[in-house]
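Here's a quick look through one model, taking the loops first and the core afterwards. Have the coordinates open as you read.

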Amino acid sequence: MRVVEKDRHINGMLHEELERCRDMVISLQKELSNLPKGSLHKRRKKYKGRRYIYYYLKYRQSGKSISKHIPQKEMDGLINKLQARKRYEKEMNFYLARMKYLEKISKIR
């Protein structure tokens, strides 16, 4: 854009915003590496006339589908971590789209 190319103040502001977005993506990636992947599922089983409900975490690792049993006492913490992961992923996608837009406008690489 001609305005960006001619005005060094606008170009500087765009460059600073791009750097801020890059820093946010890096920090979000660090946070995501500490949070569990996957989704929580519930199974219902009948055994000797009784009904049991148990939960498991399902995720992919090295191309394989993994199902891991989750004890009832760990459920609340896991649910909070999975919700936080979803929020961080959504926020990271926002910053990645913003970076793409800023790079397109200012032609900064």
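## Loops and core

Ser62 sits in the loop that links strand 2 to strand 3 (64-70). Keep in mind that this is a predicted model. Ser62 isn't a glycine, yet its phi is positive, at about 55 degrees. Is Ser62 buried or exposed? It's exposed, with a relative accessible area of 75%.

Now go back along the chain to Lys48, which you'll find in the loop between strand 1 (39-47) and strand 2 (50-61). Lys48 also isn't a glycine, and it has a positive phi of about 55 degrees. Lys48 is exposed as well, because its relative accessible area of 72% is over the 50% cut-off.

Here are the two loop residues side by side:

| Residue | Phi | Relative accessible area |
|---|---|---|
| Lys48 | about 55 degrees | 72% |
| Ser62 | about 55 degrees | 75% |

On to the inside. Which residues make up the largest nonpolar core? There are 11 of them: Leu14, Leu18, Cys21, Val25, Leu28, Leu32, Met92, Tyr95, Met99, Leu102 and Ile105. Helix 2 (8-33) and helix 3 (75-106) each put in at least two residues of this core, and helix 2 has the largest share, with 6 residues.

Val25 is a handy place to zoom in on this core. Leaving aside residues up to four places away in sequence, Val25 touches Met92, Tyr95, Leu96 and Met99. Apart from this core lies another one, of 5 residues, including Leu57, Ile70, Met75 and Leu82.

Key: Residues numbered from 1 in each chain as written. Predicted model: local features only at pLDDT ≥ 70, side-chain atom pairs only at ≥ 80, totals over all residues. Heavy atoms only, no water. Core = buried A, V, L, I, M, F, W, Y, C linked by side-chain atoms within 4.5 Å. Buried < 20%, exposed > 50% of the residue type's maximum accessible area, 1.4 Å probe, protein only. Helix = DSSP H or I, 4+ residues; strand = E, 2+ residues; numbered from the N terminus. Contact = heavy atoms within 4.5 Å.
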